[in-house]
Each structure stands twice: as structure tokens, then as C-alpha cells.
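Thanks for sharing this one. Here are my notes, set out point by point so you can follow them with the model open.

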Amino acid sequence: YQRRVHGITIPCDKFLIVPCMMPEGSSAGCHMSFWSTSTNFTVRELPMWTKKTINSKWDCSGLFQSVDRHPQFSFSSKRSNRMVFRASVSNCSDPALVMFVVDTTFQSEPLRGIIPEERIVARSQYVRSDIVSLELNSIDVDSKYSLIVCLQPPGSKGHLTLTSSCPTPDFQISQIIEED
């Protein structure tokens, strides 16, 4: 299978092309050709990003834009302001997913209840699918964040696989376990 893309014009100084294979774990070769009218045009291969995976579950998912009864993860990065998250749900019929990122640098307790709009740093698209992704390009390296993955409709059950990637290996991510 070959896919060719011709005639793409990108009006910017720098851009990043990331070929992604689906399903995850697939292997393939990739050949790309680039043409430019610029005299100082360069192409360079970037190192592979570091990836971490965490598994969790919903026993009975909560409301939209709520922290309650949804998996909550804490993350930070000391050197990179870029991260990508991919959440996939299994064992759930007709799921819808959305992810929210909240700055929790000055908060010592886990989040609770509905997330106020003004606290949301980023959100993914709300998709009626078993996979959703979110790319963060401007996180503060001195801050800590919470990522909440919401499964809809409320009351749904399912298993979550959260994959996080970063250009540097020094990022931290962990699930916040709440005691009932």
C-alpha cells in the first residue's frame, strides 16, 4: 500500500511532519520527498519521542467535564513544552471520549466536581469513538497539570489505555488514586 500526497503548500518557516502507523505496533517503511524554492531549505530527522502507557478503567463513568468517577492523571515535564496524549477505551459499546487538561501547580488535593471553564488549559475534541488524542504545544515546564479522560454517556464502563509521548525522556505521568 502506497500513499502519495502532492501539491501541499505550507506557508510557514518551520513545520513538523509525523507519520503515524495504525494500529499501534505496526511496522512499515516510509519515504518522503520535499521540494522548496527556498535556498536555505533543510530536512532533518528528529529523534523518536519517549512514550509511557498507563492502564485504568471506569466502573461507572461520571458527568461531562467532571472529575468525579473519571481517571485523573498528574503530569509534568522539566525540559519540553510539548506532549501528546492518546486515550483509547475498550469493552464499552458506543463510547464518546473527551480529555481535559487543568493546571494544578498550586493545588495539593485532587480535583473534584465539575471543572470550571477558566481552569481548563486545553481540551481535546469530543468524539464519538473509542480513541481520542490531544497535543499540547505550550505547557509551562515549571508547572504541574492534571489530565482527566471523560467517558460518555455517564454510567458507562470500560478499560482505558492512556499513552503519553514527549520529545524528552524526563517527563512524569502517574494516575491519581482517590480513596473513597
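Is Cys 60 buried, partly exposed or exposed? Cys 60 counts as partly exposed, with a relative accessibility of 35%. Please keep in mind throughout that this is a predicted model.

1. **Cysteines.** Cys 150 gives another picture from Cys 60: its relative accessible area is 0%, so Cys 150 is buried. A search of the whole structure turns up zero disulfides. As a reminder, a disulfide is a covalent bond between the sulfur atoms of two cysteines.

2. **Overall make-up.** The protein has nine strands and zero helices. Reading from the N terminus, the order is therefore simply β-β-β-β-β-β-β-β-β. Of the contacts with a separation of 6 or more, 82% are between residues 24 or more positions apart. Buried residues account for 34% of the 180 residues. The protein exposes about 12,300 Å², and carbon and sulfur atoms supply 51% of that area.

3. **The largest core.** How many residues does the largest nonpolar core have? There are 26, and those with the most contacts inside this core are Phe 75, Phe 85, Met 99, Leu 147, Val 149 and Leu 162. Two or more core residues come from each of strands E1 (50-58), E2 (72-76), E3 (83-90), E4 (96-103), E6 (131-136), E7 (145-152) and E8 (158-166). Apart from this core lies another, of nine residues, and Val 67, Val 102, Ile 148 and Cys 150 are among them.

4. **Leu 162 as a viewpoint.** If you would like one residue from which to look around the largest core, try Leu 162, one of those with the most contacts inside it. Setting aside neighbours within four places in sequence, Leu 162 is in contact with Lys 52, Thr 53 and Ile 54, and also with Phe 73, Phe 85, Arg 86 and Ala 87. Its list of contacts further includes Met 99, Leu 147, Val 149 and Ile 173.

5. **Salt bridges.** The whole structure has four salt bridges. Side chains of opposite charge can pair when their charged atoms come close. One of the pairs to look at is Asp 94 with Arg 128, at 2.4 Å from N to O. Asp 94 sits in the loop between E3 and E4, and Arg 128 in the loop between strand E5 (120-123) and E6, so this salt bridge ties together parts that are 34 residues apart in sequence. Arg 128 is exposed, with a relative accessible area of 64%, while Asp 94 is partly exposed at 47%.

6. **Two further pairs.** Arg 123 and Glu 117 form a salt bridge whose closest N and O atoms are 2.8 Å apart. Arg 123 is partly exposed, with a relative accessible area of 36%, and Glu 117 is partly exposed at 48%. For Lys 57 and Asp 59, the closest N and O atoms of the salt bridge are 3.6 Å apart. Lys 57 counts as partly exposed at 46% relative accessibility, whereas Asp 59 has a relative accessible area of 51% and is exposed.

7. **Backbone points to check by eye.** Most residues other than glycine have a negative phi, and most peptide bonds are trans. Where is the cis peptide bond? The bond runs from Gln 152 to Pro 153, with omega near 0 degrees, and Pro 153 has its place in the loop between E7 and E8. Gln 65 is not a glycine, yet its phi is positive, at about 60 degrees. Gln 65 belongs to the loop between E1 and E2 and counts as buried at 8% relative accessibility. Asp 94, met above in a salt bridge with Arg 128, also has a positive phi, near 55 degrees.

8. **Ser 143.** Finally, please look at the loop between E6 and E7, where Ser 143 lies. Is Ser 143 buried or exposed? Ser 143 is buried, because its relative accessible area is 8%, and the cut-off for buried is under 20%. Not counting residues up to four places away in sequence, Ser 143 touches Ser 76, Asp 103 and Thr 105. With Thr 105, the side chain of Ser 143 makes a polar contact of 3.4 Å. Phe 75 is 68 residues away from Ser 143 in sequence, while their C-alpha atoms are 9.0 Å apart in space.

How values were computed. Residues are numbered from 1 along each chain as its sequence is written. This is a predicted model: local features need pLDDT of at least 70, side-chain atom pairs count only at pLDDT 80 or more; totals for chains, interfaces and linings use all residues. Side-chain values use heavy atoms; hydrogens and water are left out. A nonpolar core is a set of buried Ala, Val, Leu, Ile, Met, Phe, Trp, Tyr and Cys residues joined through side-chain atoms within 4.5 Å. Buried means under 20% relative accessible area, exposed over 50%, partly exposed in between (1.4 Å probe, protein chains only). Helices (H or I, at least four residues) and strands (E, at least two) are DSSP runs, numbered from the N terminus. Contact means heavy atoms within 4.5 Å. Accessible areas come from the Shrake-Rupley method with a 1.4 Å probe; for residues, only the protein chains shown count as cover. A disulfide is a pair of cysteine sulfur atoms within 2.5 Å. A salt bridge is a side-chain nitrogen of Lys or Arg within 4 Å of a carboxyl oxygen of Asp or Glu. A polar contact is a pair of N or O atoms within 3.5 Å; within protein, one must be able to donate a hydrogen and the other to accept it, and residues adjacent in sequence count only if both atoms are side-chain atoms.
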